[in-house]
Amino acid sequence: EDDFQFILCEGCRKELPNLKLLTCLHTLCLHCLSENKPVGQCPVCRTSIPQASNIPNMDNLLFTNLQARLKIYKRIVGRVDLFCDNCKKAGEFWCSECKEFLCTRCFEAHQRYLKMESHKAMRVIDIRAGSFKDFLKGTGKTSNLSCSDPTHKSQIVSHHAPFCDIRSETQRRQEELGTLSRELKQKRSGFEATYAGLKDEAARLERAQQETRELIRQRVEQLVGLIRREEEELLGLVEAGQEQSRRELERVEGVLRRMEASERLVEKMNLYATEQEVMDMQPFIKDSLEELLQLPVAGDRAQPGDFVECRARLRAL
């Protein structure tokens, strides 16, 4: 059966009836075509389906008929329902033209009345002894050929028609297909070379993509590291500015308390100090007061300026 996997639907890989042949020569069942209908392309090679319904008009008669013949062969090999289609006795022969099983008696009548039609019935026992390929050889020829014109489907082509010999025409068509297939094989080598080149290029781009991704990741990590360090420095500046402001506040607060204490002490000295106390304490108090007078007021000191340096570095970053 491995030799005949080609008769399966190329979409779902199932043995189904009503196989359709697309213009790209892929074969699909109606179910796969219906699933792919919104796309309007062959799911195997993405070639557009020209029919508006996305359902090709051409049936794959070869695959469909091979499936039918394979089904008959399996019945014969499996000994399933092998009864004469005329009298229902045991079927001993198979006629591929009539597509009927025949018992020995009906076979003799069949040969007598249809010998001029070249009907060749095969013995069931001989079919079982051979392979499916042997069975196909015995059923591959037919004496009654139907006209391929869709309007003449029910009409049989005569061997003695004056316009041509049907066997010669069949052979000519097979040879024509063979010639085209050989030409296509020669052209295929060019496409294979192009495909190999594109595949190598895709692999190279894949490697380049991975390298670029890694480079981007490394660079971003470096930038993030730099930004984190800058963040730490800027936060440090903010903290330092705030600490400077706090210390300045404490300093000014301390100066005010010293001034209050100095004013209070001088006032008390004026009210209650003896001459001796003035003489002993005045130089010390004078030095302290002069030191206070030399201190700058708060408005004269440099201010943090709303973190101007931080804002400038942030804009630069």
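**A RING-type entry and a 107-residue helix**

Let me begin with the record: in UniProt, an unreviewed entry lists residues 9-46 as "domain: RING-type". Please keep in mind throughout that what we are looking at is a predicted model. Over residues 9-46 the chain is 16% helix and 11% strand, and the C-alpha atoms at the two ends of that stretch are 16 Å apart.

Before going into details, let me give the overall picture. The chain has 317 residues, of which 21% are buried, and it contains eight helices and seven strands. Its accessible surface comes to about 24,000 Å², and carbon and sulfur atoms account for 55% of that surface. If we take the contacts between residues with a separation of 6 or more, 46% of them join residues that are 24 or more positions apart.

Now let us return to the part listed in the record, and look at three of its residues. The one I would start with is His 26, which sits in the loop between strand 1 (20-21) and strand 2 (27-28). Is His 26 buried or exposed? Its relative accessibility is 18%, and because the limit for buried is under 20%, His 26 counts as buried. As for what surrounds His 26, if we set aside residues up to four places away in sequence, it touches Glu 10, Lys 20, Leu 21, Cys 42, Val 44 and Cys 45.

The other two residues in this part are picked out by their backbone angles. Asn 18, in the segment before strand 1, has a phi near 55°, which is a positive value in a residue other than glycine, and with 47% relative accessibility Asn 18 counts as partly exposed. Arg 46, which is not a glycine either, has a positive phi of about 65°; this residue lies in the loop between helix 1 (30-35) and helix 2, and at a relative accessible area of 62% Arg 46 is exposed.

That loop brings us to helix 2, which has 18 residues and reaches 25 Å from its first C-alpha to its last, close to the 26 Å expected at 1.5 Å a residue. Its buried residues are Phe 63, Leu 66, Gln 67, Leu 70, Ile 72, Tyr 73 and Ile 76. When you read that list, it helps to remember that an α-helix has 3.6 residues a turn, so residues three or four places apart point the same way. Just after helix 2, Arg 79 takes a positive phi of about 55°.

One residue of helix 2 also leads us to Lys 99: the C-alpha atoms of Ile 72 and Lys 99 are separated by 9.2 Å, although these residues are 27 apart along the chain. Lys 99 itself is found in the loop between strand 3 (93-95) and strand 4 (100-102), where it is exposed, with a relative accessible area of 60%. Leaving out neighbours within four places in sequence, Lys 99 is in contact with Asp 85 and Trp 94.

Next, the aromatic rings, of which there are eight pairs. One of these is formed by Phe 4 and Phe 6, a tilted pair with 5.7 Å from centre to centre and 35° between the planes. Phe 4 is buried, at 14% relative accessible area, whereas Phe 6, at 37%, is partly exposed. A further pair is made by Tyr 73 and Phe 135, whose ring centres are 5.8 Å apart and whose planes meet at 40°, so that this pair is tilted. What does this pair tie together? Tyr 73 belongs to helix 2 (residues 61-78) and Phe 135 to helix 5 (residues 132-139), so the pair ties together parts that are 62 residues apart in sequence. Both Tyr 73 and Phe 135 are buried. Ring pairs also link Phe 4, Phe 6, Phe 63, Tyr 73, Phe 132 and Phe 135 into a cluster.

I will finish with helix 6, which runs over residues 166-272 and so has 107 residues. At 1.5 Å a residue, helix 6 should span 159 Å, and the C-alpha atoms at its ends are 149 Å apart, which agrees with that expectation. There is a kink of about 25° in helix 6, centred on Lys 187. The buried residues in this helix include Ile 166 and Glu 169, and, further along, Glu 230, Leu 234, Gly 241, Glu 248, Val 255, Ser 262 and Met 269.

Notes
Residues are numbered from 1 along each chain as its sequence is written. This is a predicted model: local features need pLDDT of at least 70, side-chain atom pairs count only at pLDDT 80 or more; totals for chains, interfaces and linings use all residues. Side-chain values use heavy atoms; hydrogens and water are left out. Helices (H or I, at least four residues) and strands (E, at least two) are DSSP runs, numbered from the N terminus. Buried means under 20% relative accessible area, exposed over 50%, partly exposed in between (1.4 Å probe, protein chains only). Contact means heavy atoms within 4.5 Å. Accessible areas come from the Shrake-Rupley method with a 1.4 Å probe; for residues, only the protein chains shown count as cover. The expected span of a helix is 1.5 Å times one less than its number of residues. The bend at a residue is the angle between axes fitted to the seven residues ending there and the seven starting there. Rings of Phe, Tyr and Trp (its six-membered ring) pair if their centres lie within 6.5 Å; planes under 30 degrees apart count as stacked, over 60 as edge-to-face and the rest as tilted. UniProt positions are given in the numbering used here, feature names are shortened, and annotations may be inferred rather than shown by experiment.
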